[in-house]
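Please look over the sequence and the model below before reading on. The text starts with one contact between the chains, widens to the interface and its symmetry, and ends with one residue.

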There are 2 protein chains.
Amino acid sequence: MKTRRSDRLIDMTRYFMERPHTLVSLTFFAERYESAKSSISEDLAIIKRTVKLRGIGILETIPGATGGAIFIPSIDEDEARAFIEDMTEQLSHQDRLLPGGYVYLSDLLGRPDVLRHVGRVIARQYIDKQIDAVMTVATKGVPIAQSVASYLNVPFVIVRRDSKITEGSTVSVNYVSGSSERIEKMELSKRSLKRGSHVLVVDDFMKGGGTVNGMKSMIEEFESELVGITVFAEGAFDGRRMVEDYTSLLKVDSVNTIDKTIHVSPGNYLEKVFGKKED
Amino acid sequence: MKTRRSDRLIDMTRYFMERPHTLVSLTFFAERYESAKSSISEDLAIIKRTVKLRGIGILETIPGATGGAIFIPSIDEDEARAFIEDMTEQLSHQDRLLPGGYVYLSDLLGRPDVLRHVGRVIARQYIDKQIDAVMTVATKGVPIAQSVASYLNVPFVIVRRDSKITEGSTVSVNYVSGSSERIEKMELSKRSLKRGSHVLVVDDFMKGGGTVNGMKSMIEEFESELVGITVFAEGAFDGRRMVEDYTSLLKVDSVNTIDKTIHVSPGNYLEKVFGKKED
């Protein structure tokens, strides 16, 4: 059926949001709405202006009758900063303190609103990079990987510490756990990653960097390339980390199990992505 | 700044999509766009019409100056049916066959487009129900739980077969694994679920129903209520399942490791949710 501009704009916005990083052709929209390509072009120009203005992302338009548009989700500095500051505060609550100085994160990483922000924030960092897959380790990294993968619209793959019969043949690597200096093993299903992939590594928490370093070895085993490493939170670590170039949204500076205090500050994300704040 | 209708419609659509099941007030939008409430009311009426027309969901509008609107994501029968038929075909490929008659699913459950559909399809089934949390078991159920939780905008909780020190105190239950009749244990962090919650259980695969039955016991331990059980795929099972009332999107009817064939058909979802198809 023929449509009005307002209906088209609503449906197109929704359509793009469900298919980030995907070229949608003028022809497709023209047929879907039984509208002239010239009208669709005008619609795209309006959407492009609005998503830019609102910091939602970028609508890249490819001109000409064979063209179309690609929606690239993003987040603006103010919203990213507000989210990270909110998380800093929430992580600092003393009731998150667990025996052994661990910090309870599972509730936050099970909340859709938090995960949507985490996904947009991390996807923003790699907006100019080619990424073919997001990699994490089971179990707690999975929600982060899924959310980032959703905004980048690429698959995510899950490395496991224990092999499952439902994974088929696997490739395994040994790695040194950074905190305890034990040798451990991780496995990835052979068919889950193509050779020559560009891989982004994400995880919930990094201390010594041993697990992340294991994933680096895994990426090498698959003759693939590491694009970057971003973790939700990094912990304080005495000594040299096994990974040097990484990004963290949050930093758990210190944990005191006697006074029951946790000190959390923003990680290096904001500075790495937006540069120094001037104020 | 003051805005045009077209800009408002685009931003509002995106805003609703990121906050399903959340009341957004007229006042909020009026201030955000420096527009009269009467204009915002007209915008909402346009969005309401379009999301209904396109089968995207329902925009419930609450009238009056103190009102607003709630977006409830859904999927129409045609799209749900097309998705399930596509999955039926993809699951039937013989290269998914693993030793022991298992079917490889991890690639599908790592694809954002598949997960978005799974989430909308399952959320559609519980559109009239109160759900406070989505529960699953680590690891393979997690992506499904996350996607469903995202469309319902409620937290998801992950039951584990192995306890982690980063979870704090846990509640554990024993359960009988339906296929192997072994006694196993599963645990859930005490703080992850409030008493009196209405819980939806989802998982990737169900055979004898032992794991799902374990989650039922877990829900009872938390003095909470089971709202429903939906799995991505059910397998053929000789004998009586430990769970009777469940929904499956797909059904793996038979697996033949000698001929290397897998026979997959749609599960009971379509009939349960949309009724018998007349044709």
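**The contact between chain A and chain B**

In this predicted model, Arg49(A) and Asp7(B) form a salt bridge through their side chains, with 3.3 Å from N to O. In total, six salt bridges are counted between chain A and chain B. Polar contacts add to the picture: 22 residue pairs across the interface of chain A and chain B are in polar contact, with both residues at pLDDT 80 or more.

Which elements of chain A supply at least two residues each to the side that touches chain B? The helices are H1 (5-18), H2 (26-33), H3 (37-53), H5 (112-125) and H6 (142-152), and the strands are S4 (97-98) and S7 (156-159). H1(A) gives the most to this side of chain A, nine residues. Sorted by class, the side of chain A that touches chain B holds 27 nonpolar, 15 polar and 18 charged residues.

The extent of the interface can be given in residues and in area. Chain A brings 60 residues to the contact, and chain B brings 60 residues. Between them the two chains bury about 5,300 Å², and carbon and sulfur atoms account for 56% of that area.

**How the two chains are related**

A turn of 180 degrees, with a shift of 0.0 Å along the axis, lays chain A on chain B with an RMSD of 0.0 Å. This is the relation of a two-fold axis. Both copies use the same surface, since 100% of the contact residues of chain A recur in chain B.

**One residue within chain B**

The last stop is Ser74(B), in the loop that runs between strand S3 (68-73) and helix H4 (77-91) of chain B. Is this loop residue, Ser74(B), buried or exposed? Ser74(B) counts as buried because its relative accessible area is 7%, and the cut-off for buried is under 20%.

What does Ser74(B) touch, once residues up to four places away in sequence are set aside? The residues are Gly55(B), Ile56(B), Gly57(B), Arg120(B), Arg124(B) and Ile127(B). With Arg124(B), the contact is also polar: the side chains of Ser74(B) and Arg124(B) make a polar contact at 3.5 Å. A further distance places Ser74(B) relative to Val51(B): 23 residues separate the two in sequence, and their C-alpha atoms are 9.4 Å apart in space.

Terms used. Residues are numbered from 1 along each chain as its sequence is written. Chains are lettered from A and ligands numbered from 1 in the order in which they are written. This is a predicted model: local features need pLDDT of at least 70, side-chain atom pairs count only at pLDDT 80 or more; totals for chains, interfaces and linings use all residues. Side-chain values use heavy atoms; hydrogens and water are left out. Contact means heavy atoms within 4.5 Å. Buried area is the accessible area (1.4 Å probe) that two parts lose on being put together, summed over both. A salt bridge is a side-chain nitrogen of Lys or Arg within 4 Å of a carboxyl oxygen of Asp or Glu. A polar contact is a pair of N or O atoms within 3.5 Å; within protein, one must be able to donate a hydrogen and the other to accept it, and residues adjacent in sequence count only if both atoms are side-chain atoms. Helices (H or I, at least four residues) and strands (E, at least two) are DSSP runs, numbered from the N terminus. Ala, Val, Leu, Ile, Met, Phe, Trp, Tyr, Cys and Pro count as nonpolar, Asp, Glu, Lys and Arg as charged, and the others, Gly among them, as polar. Copies are superposed by least squares on the C-alpha atoms of residues with pLDDT of at least 70 in both. Buried means under 20% relative accessible area, exposed over 50%, partly exposed in between (1.4 Å probe, protein chains only).
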